[in-house]
Amino acid sequence: MSTILVDNLTGKTSAGDITVTSEGGAATQSLQQGLAKAWVSYKGTATNAVKDSLNISSVTDASTGRYLPQFSNSFNALDYLSQTTGNNADGPVAANDFDQMTTSSGDMRYKNSSFSTIDTKYAVQSFHGDLA
């Protein structure tokens, strides 16, 4: 087995174009397109706090069950993907309001099994798309 130690990867044909071959060798995927461009692990009850994150400068507690993560580096367009999950005493909770997302801010909303908006103990969200 070989080990490659590098600080930067640059595509040969185009600087941002790196292709990875699948485990079986039958398919390829763009490395850049397969990476999460931002994610956040957030504590949404009592003292709100970012537990860990990537490309998140801050999170605003906008209202009950609604948190707005601000991106350090904005997305290119509004067609990025957001995936949200969370957990509370009531069980798993999650929702997104795609109409409220911007290129510089995501929108996490949490509801219980009765679809009532609630603060969630643990909130996790990831974002996939093209950065500006």
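Among contacts in the protein chain between residues at least 6 apart in sequence, what percentage join residues at least 24 apart? The figure is 53%. Keep in mind that this is a predicted model, and the values below are computed from it.

**The overall picture**

On secondary structure, the protein chain has 11 strands and 0 helices. Read from the N terminus, the order of elements is simply β-β-β-β-β-β-β-β-β-β-β. If you want a bounding box, the C-alpha atoms take up roughly 50 × 30 × 25 Å along the principal axes.

As for burial, 30% of the 132 residues in the protein chain count as buried. The exposed area of the protein chain comes to about 8300 Å², and 49% of that is supplied by carbon and sulfur atoms. On the charge side, there are 8 positive and 12 negative charges in the protein chain, and their mean positions sit 5 Å apart.

**Salt bridges**

How many salt bridges does the count come to? The answer is 2, and here they are:

| Salt bridge | Closest N and O atoms |
|---|---|
| D107 with R66 | 3.1 Å |
| D107 with R109 | 3.3 Å |

D107 shows up in the pair with R66 and again in the pair with R109. Put together, R66, D107 and R109 form a linked network of salt bridges.

What does the D107 and R66 salt bridge tie together? D107 sits in the loop between β9 (95-96) and β10 (108-109), while R66 belongs to strand β6 (residues 66-71), so this pair ties together parts that lie 41 residues apart in sequence.

Are D107 and R66 buried or exposed? Both are buried. For D107 the relative accessible area is 0%, and since buried means under 20%, that residue qualifies. R109 reads otherwise: its relative accessibility is 22%, so R109 counts as partly exposed.

**A nonpolar patch on the surface**

Which residues make the nonpolar surface patch of about 340 Å²? I4, V6 and L9 do. Of these, I4 is placed in the segment before β1 (19-21). With a relative accessibility of 72%, I4 counts as exposed, because the cut-off for that class is over 50%.

**Two more residues to look at**

S41 is in strand β3. Its relative accessible area is 17%, so S41 is classed as buried. Setting aside neighbours within four places in sequence, S41 has contacts with A49, V50, K51 and D52, and also with A123 and V124.

Q33 is found in the loop between β2 (28-30) and β3 (38-43). At a relative accessible area of 49%, Q33 is partly exposed, because exposed would require over 50%. Where does Q33 stand with respect to I56? The two residues are 23 apart along the chain, and their C-alpha atoms are separated by 19 Å.

**Pulling it together**

In short, the predicted model is a chain with 11 strands and 0 helices. Its salt bridges link R66, D107 and R109 in a network, and I4, V6 and L9 make a nonpolar patch on the surface.

How values were computed
Residues numbered from 1 in each chain as written. Predicted model: local features only at pLDDT ≥ 70, side-chain atom pairs only at ≥ 80, totals over all residues. Heavy atoms only, no water. Helix = DSSP H or I, 4+ residues; strand = E, 2+ residues; numbered from the N terminus. Buried < 20%, exposed > 50% of the residue type's maximum accessible area, 1.4 Å probe, protein only. Contact = heavy atoms within 4.5 Å. Areas by Shrake-Rupley, 256 points an atom, 1.4 Å probe, with all protein chains shown as cover. Lys, Arg positive; Asp, Glu negative; His and termini not counted. Charge placed at Lys NZ, Arg CZ, Asp CG, Glu CD. Patch = residues over 30% accessible without salt bridge, like charges linked within 9 Å, V, L, I, M, F, W, Y side chains within 5 Å. Salt bridge = Lys/Arg side-chain N within 4 Å of Asp/Glu carboxyl O.
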